[in-house]
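Thanks for asking me to look this over. Here are my notes, in the order I would go through them at the bench with the structure open.

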Amino acid sequence: MGTIQTNVTTGDTSEELALIQSAREGDIAAFEQLIRKYDRNVFRIAQHITQNREDAEDVVQDAFLKAYQNLKQFQGNSKFYTWLVRIAVNEALMKLRKRKSSKTVSMDEDVETEDGSVPREVADWSPNPEQQYRQAELSEILEKTIQGLPMGFRTVFMLRDVEGLSTEETAETLGLSVPAVKSRLLRARLQLRERLNRYFKKKKNNDGDQSK
Amino acid sequence: MKCSQFLTELNDFLDGSLDQKLKAELSEHLTWCHNCYIVCNTTKKTIEIYRENKIYELPDTLRAKLHDAIVTKCKSSKPTPES
Ligand SMILES: [Zn+2]
């Protein structure tokens, strides 16, 4: 069985470092190029955490503004992308805290018992199960499914598996230990798999029985 | 190898970050344990589906609106001085 290839296309090139340097000196056009490069990622991350479109829009603006204002603090010892993601995650968490005013929101809030990782239903999927759905339907399924996960789980899954950060970078970004990231990632992956069963599993007959 | 042990190593197995010996043991488990085989396959597929069908895409109109807003804010802000 093949392994999952992570294609991280976010290493700092000399071109990117030049843009950062110009932006530091106040060149907004250079900074705009950095926005263009990473805005989609920042928006996705913000949506995943806040689960609210307006909040996500605010987070994108606040995160890039904060990055611009603090560019001098960016040390070349981490990737610019990782640094930016960390700012975005913090902004998104702050938004969440404002919404849920009394409750503190943190990455540690939803630590559960270990048994979230034992598969309850083992069902094989039909080949290319995603092709049974139109793109819009599929997006809806994927959104609904991941929204059901605790925030700490879905954030780890999204950073690690969707945005392509390494385990260490994910840990650094979220202020978690590497073992905590690994355990959350496993549970997130297994829980998503389990929740997708109802959409993707092989049908035993063609009557579309929904009774289960 | 037991199924529970297989599950513990599943992440590293999927990410290809296991040493050869452990990887061989896991592969061997998959040859006879149908449940783990399915869990492994469908978990791998789960990751691929989320990776290939990115949700929350940023629409172009919103993107332009956000760019303008960010640039305006940057222009009227002073970078934090070096400490
Ligand atoms: Zn097994």
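1. A word on the source before the details. What you have here is a predicted model, so please take each value below as computed from that model.

2. Let's begin with the fold of chain A. Its secondary structure consists of 8 helices and 0 strands, and reading from the N terminus the order is α-α-α-α-α-α-α-α. Chain A has 212 residues, and 50% of them are buried. If you look at contacts in chain A with a separation of 6 or more, 73% of these involve residues 24 or more positions apart.

3. Next, the domains. In chain A the assignment gives domain 1 as 14–99 and domain 2 as 135–206. Their C-alpha centres are 23 Å apart. Where the two domains touch, 15 residues come from domain 1 of chain A and 13 residues from domain 2 of chain A.

4. How much area do domain 1 and domain 2 of chain A bury between them? The figure is about 1,300 Å², with 60% of it on carbon and sulfur atoms. On the domain 1 side, three residues are worth finding on your screen: His48(A), Gln51(A) and Arg86(A) supply 39% of the area that domain 1 buries against domain 2, more than any other three residues.

5. The polar side of that domain contact is also easy to follow. Between domain 1 and domain 2 of chain A there are 3 salt bridges. You can also look up the salt bridge in which the side chains of Lys79(A) and Glu169(A) meet, at 3.0 Å from N to O. The count of residue pairs in polar contact between the two domains is 7, with both residues at pLDDT 80 or more.

6. Which elements of domain 1 of chain A give two or more residues to the side that touches domain 2? They are helix H2 (28–50) and helix H4 (80–99) of chain A. H4(A) gives the largest share, 7 residues. Sorted by class, this side of domain 1 has 7 nonpolar, 5 polar and 3 charged residues.

7. Now to the interface of the two chains. Here 52 residues of chain B are in contact with 59 residues of chain A. The two chains bury about 5,500 Å² between them, and 63% of that is on carbon and sulfur atoms. In chain B, the residues losing the most area to chain A are Tyr50(B), Arg51(B) and Tyr56(B), which together make up 16% of what that side buries.

8. For the charged and polar pairs, the rule finds 7 salt bridges across the interface of chain B and chain A. If you would like a salt bridge to display, Lys45(B) and Glu130(A) meet through their side chains at 3.4 Å, N to O. There are also 16 residue pairs in polar contact across this interface, both residues being at pLDDT 80 or more.

9. Last, what does chain B bring to its side of the interface? Helix H1 (3–15), helix H3 (34–52) and helix H4 (60–75) of chain B are the elements that give two or more residues to the side touching chain A. H3(B) provides the largest share, 16 residues. By class, the residues on this side of chain B divide into 24 nonpolar, 13 polar and 15 charged.

How values were computed:
Residues numbered from 1 in each chain as written. Chains lettered and ligands numbered in written order. Predicted model: local features only at pLDDT ≥ 70, side-chain atom pairs only at ≥ 80, totals over all residues. Heavy atoms only, no water. Contact = heavy atoms within 4.5 Å. Buried area = accessible area lost by both parts, 1.4 Å probe. Salt bridge = Lys/Arg side-chain N within 4 Å of Asp/Glu carboxyl O. Polar contact = N/O pair within 3.5 Å; in protein donor to acceptor, adjacent residues only side chain to side chain. Helix = DSSP H or I, 4+ residues; strand = E, 2+ residues; numbered from the N terminus. Nonpolar A, V, L, I, M, F, W, Y, C, P; charged D, E, K, R; others polar. Domains from an automatic or database assignment. Buried < 20%, exposed > 50% of the residue type's maximum accessible area, 1.4 Å probe, protein only.
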